[in-house]
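User: I have a chain open in the viewer and want to know how the labels on it are justified. Please take me through the reasoning.

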Amino acid sequence: DIITEKEVFLAFYDDVGMKSPFLKTQHFSWSIMSQYQLDFVEFFKMNINLGCYLYFKVDEYYIPNRYAYNKYRYIHDIMIIGYDENNFIVLGYNNKGKFSEMKIPFFVFMDALTSNTADINKNEWQDDIYFIKYISADYKFNINAVKFALYDYLNSISTIEKNKRFSSPLKNTVYGLRVYDKVVEYLEIIKTQGNVFWGGENIDNRIFRIIMEHKKLMLERIKLINIRYGGYDDIYNMYIAVERMAQSLHLLAVKYQITGDKKIVDKLIELIKRIKHDDEKILGELYKRIQYVD
């Protein structure tokens, strides 16, 4: 409920991304693992040496250069990509909204991890730990899956969500092109009232990062379709402009985080509307043409 919460929670792949055929993924429960008598630092280092990335939920109260650092308890995602003599090397967003590497001393990381008191008797999102390793895998391109997904996207529906066996779509969820309208609504609130959730002039830049990443992926998908079937040069070239607009959108959101200049919000709204318009037009044409491909 964007009016009440003054926030858009824009989901992309979430933990489903761990099920990629290119990843070998080990799934652990922290509430169970924490009961073991292990030297966790050495255990994590050993798995890094085996070529794994380590994905946790930690309390950012203990993590320097994060919004919550020394202010309030906040369980959030973090990924370890390596280590040196005294530190884990992690990836994440810093308190300036920049996605970057940083070093965290082993003992600080363990304070953040052990502060995650996931309930051993409940299925909680913060209980998930993943050890992830890239593997080489064959991938069969399925043009019918592309048709299916594009139809849903252009019509702002999710056939998959509606037909999940053990869960129902979250209330107030929107899909596809309608997402842009909700982002505009969110920006209008930011412009007039500020961001109640993040405080003051802050903005949730994850929204604009995800939109940018989505356009990068769509451009790659169109490129692949063109390589396999030919005849889509014009669509690919048109979509380059959409991808560039999405990059500008993300950079403007970062700029707003730094300056708090309300004029930037107007530019963000204008760009979102242009991206939606061009997305609908170009991907609509793509969908029309691939109907004749099998």
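Analyst: Two residues are said to be in contact when heavy atoms of theirs lie within 4.5 Å. By that test, and leaving aside neighbours within four places in sequence, serine 158 is in contact with Asp152 and Tyr175. Keep in mind that this is a predicted model.

User: Where does serine 158 lie, and why is serine 158 called buried or exposed?

Analyst: Serine 158 sits in the loop between helix H5 (143–154) and helix H6 (159–162). Its relative accessible area is 13%. Buried means under 20%, so serine 158 is buried.

User: Serine 156 is in the loop between H5 and H6 too. What makes serine 156 buried or exposed?

Analyst: The relative accessibility of serine 156 is 17%. The cut-off is under 20%, so serine 156 counts as buried. Its phi is near 55 degrees, a positive value in a residue other than glycine.

User: How do you know which class asparagine 70 belongs to?

Analyst: Asparagine 70 has a relative accessibility of 48%. Buried needs under 20% and exposed needs over 50%, with partly exposed in between. Asparagine 70 therefore counts as partly exposed. This residue lies in the loop between E2 and E3, and its phi is near 60 degrees, again a positive value in a residue other than glycine.

User: What about aspartate 279: why is it called buried or exposed?

Analyst: Aspartate 279 is found in helix H10. Its relative accessibility is 0%, and buried means under 20%, so aspartate 279 counts as buried. Not counting residues up to four places away in sequence, aspartate 279 touches Tyr153, Leu177, Tyr180, Lys215, Tyr239, Val242 and Gly284. One of these, leucine 177, is 102 residues away along the chain, yet the two C-alpha atoms are separated by 8.2 Å.

User: What makes a group of residues a nonpolar core, and which residues touch the most other members of the largest one?

Analyst: The members must be buried residues of certain kinds, including Leu, Ile, Val and Phe, joined through side-chain atoms within 4.5 Å. The largest such core has 46 residues, and Leu187 and Leu283 touch the most other members. The elements giving two or more residues to this core are H5, helix H7 (178–193), helix H8 (206–229), helix H9 (233–259) and helix H10 (262–290). H10 supplies the largest share, eleven residues. A second, separate core of 25 residues includes Met33, Ile80, Phe106 and Met110.

User: Which residues of helix H4 are buried, and what covers them?

Analyst: In helix H4 (residues 106–114), the buried residues are Phe106, Val108, Phe109, Met110, Ala112 and Leu113. Their cover includes helix H2 (30–33), helix H3 (40–49), strand E2 (53–59), strand E3 (75–83), strand E4 (87–93) and strand E5 (99–105).

User: How many helices and strands are there, and why is the chain called as compact as a globular protein of its length?

Analyst: There are ten helices and six strands. The radius of gyration is 21 Å, and the globule rule gives 19 Å for 294 residues; the two values are close, so the chain is as compact as a globular protein of that length. Of the 294 residues, 42% count as buried. Among contacts between residues at least 6 apart in sequence, 67% join residues at least 24 apart.

Definitions and conventions. Residues numbered from 1 in each chain as written. Predicted model: local features only at pLDDT ≥ 70, side-chain atom pairs only at ≥ 80, totals over all residues. Heavy atoms only, no water. Helix = DSSP H or I, 4+ residues; strand = E, 2+ residues; numbered from the N terminus. Rg over C-alpha atoms; globule rule 2.2 N^0.38 Å. Buried < 20%, exposed > 50% of the residue type's maximum accessible area, 1.4 Å probe, protein only.
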